[in-house]
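Reader: Got a minute to go through this one with me? I'd like to start with the rings.
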Amino acid sequence: FGFIDRTGRLVLDLQEYRTDSIPTTRLGQFSEGLCVVPKSNARPNDKPNLYGYIDSNAHLLGGGFTYLEAADFSEGLAAVRTFRKQTKGEPGWDFIDKTGSIKIKGPFEQVQNFSQGLAAVRGHLGEPWYYINRDGQEQFHRGFELAEPFFEDRAAVRLNQKWGLINREGEAVLCPTYENKIQAFHEGFAAVENSKYAQVDY
């Protein structure tokens, strides 16, 4: 239970964090110098598994294992899910920085990672998705049913059960057209399933 380098040498031994109820397949991967690590309670009737972050020296970030769920860091921020008193004990998502401090306070019901300075979030189930910046400020709210991260200045969004594209100003560059989700752009192209496998440029 740990990490090896490219020579196969064990460089991070995480045995102190292991319990029999955590398979190694649930160990995360490093992103921006930090990795999500699970910590389980020994007794199955105890509280749910909790998560924390370690750095490349296996030092635990911030307050330790305090998160019900934890996403990889992206652009210096990571989404974490915790219980919040103001939501009557229901879990919600916030964004933390690399010190473990809450940078953007939700709680959000669902979130995407930050990409190109923006993240798609949803306040409550049934409500539309919208985008926020790194200060937590709402950038544009268009009533999206679903919203994906930005890649190459484009993000796939769904309206009226159809997928289209917006730019980083929230303007439509492709009106909702496709029944299936448009994949992320790479080198100016994005895959989308229509009547046959195709590529969409912009």
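Author: Sure. Ring pairs link Tyr 131, Phe 140, Phe 144 and Phe 150 into a cluster. Rings of Phe, Tyr and Trp (its six-membered ring) pair if their centres lie within 6.5 Å; planes under 30 degrees apart count as stacked, over 60 as edge-to-face and the rest as tilted.

Reader: Before we go on, what kind of model is this?
Author: A predicted one: local features need pLDDT of at least 70, side-chain atom pairs count only at pLDDT 80 or more, and totals for chains, interfaces and linings use all residues. Residues are numbered from 1 along each chain as its sequence is written, and side-chain values use heavy atoms, with hydrogens and water left out.

Reader: OK. How many aromatic pairs in the whole structure?
Author: The search finds 8. One of them is Phe 3 with Phe 30, edge-to-face, at 5.0 Å centre to centre and 65 degrees between the planes.

Reader: What does that pair tie together?
Author: Parts that are 27 residues apart in sequence, because Phe 3 sits in strand β1 (residues 2-4) and Phe 30 in the loop between β2 (10-13) and β3 (35-39). Strands here are DSSP runs (E, at least two residues), and helices are H or I runs of at least four, numbered from the N terminus.

Reader: And Phe 3, buried or exposed?
Author: Phe 3 is buried, at 16% relative accessible area, while Phe 30 is partly exposed at 32%. Buried means under 20%, exposed over 50%, partly exposed in between (1.4 Å probe, protein chains only).

Reader: What about Phe 95 and Phe 114, how do their rings sit?
Author: Their centres are 5.1 Å apart and the planes are at 75 degrees, so that pair is edge-to-face. Phe 95 is in strand β7 (residues 91-96) and Phe 114 in the loop between β9 (110-111) and β10 (119-122), so the pair joins parts 19 residues apart in sequence. Both residues are buried.

Reader: Switching topic: how many helices and strands in the protein?
Author: 0 helices and 18 strands. Of the 202 residues, 40% are buried.

Reader: How many disulfides?
Author: 0, where a disulfide is a pair of cysteine sulfur atoms within 2.5 Å. As for cysteines, Cys 35 is buried at 0% relative accessible area, and Cys 175 is exposed at 55%.

Reader: Last one: which contacts join residues at least 24 apart?
Author: 26% of the contacts between residues at least 6 apart in sequence do; a contact means heavy atoms within 4.5 Å.
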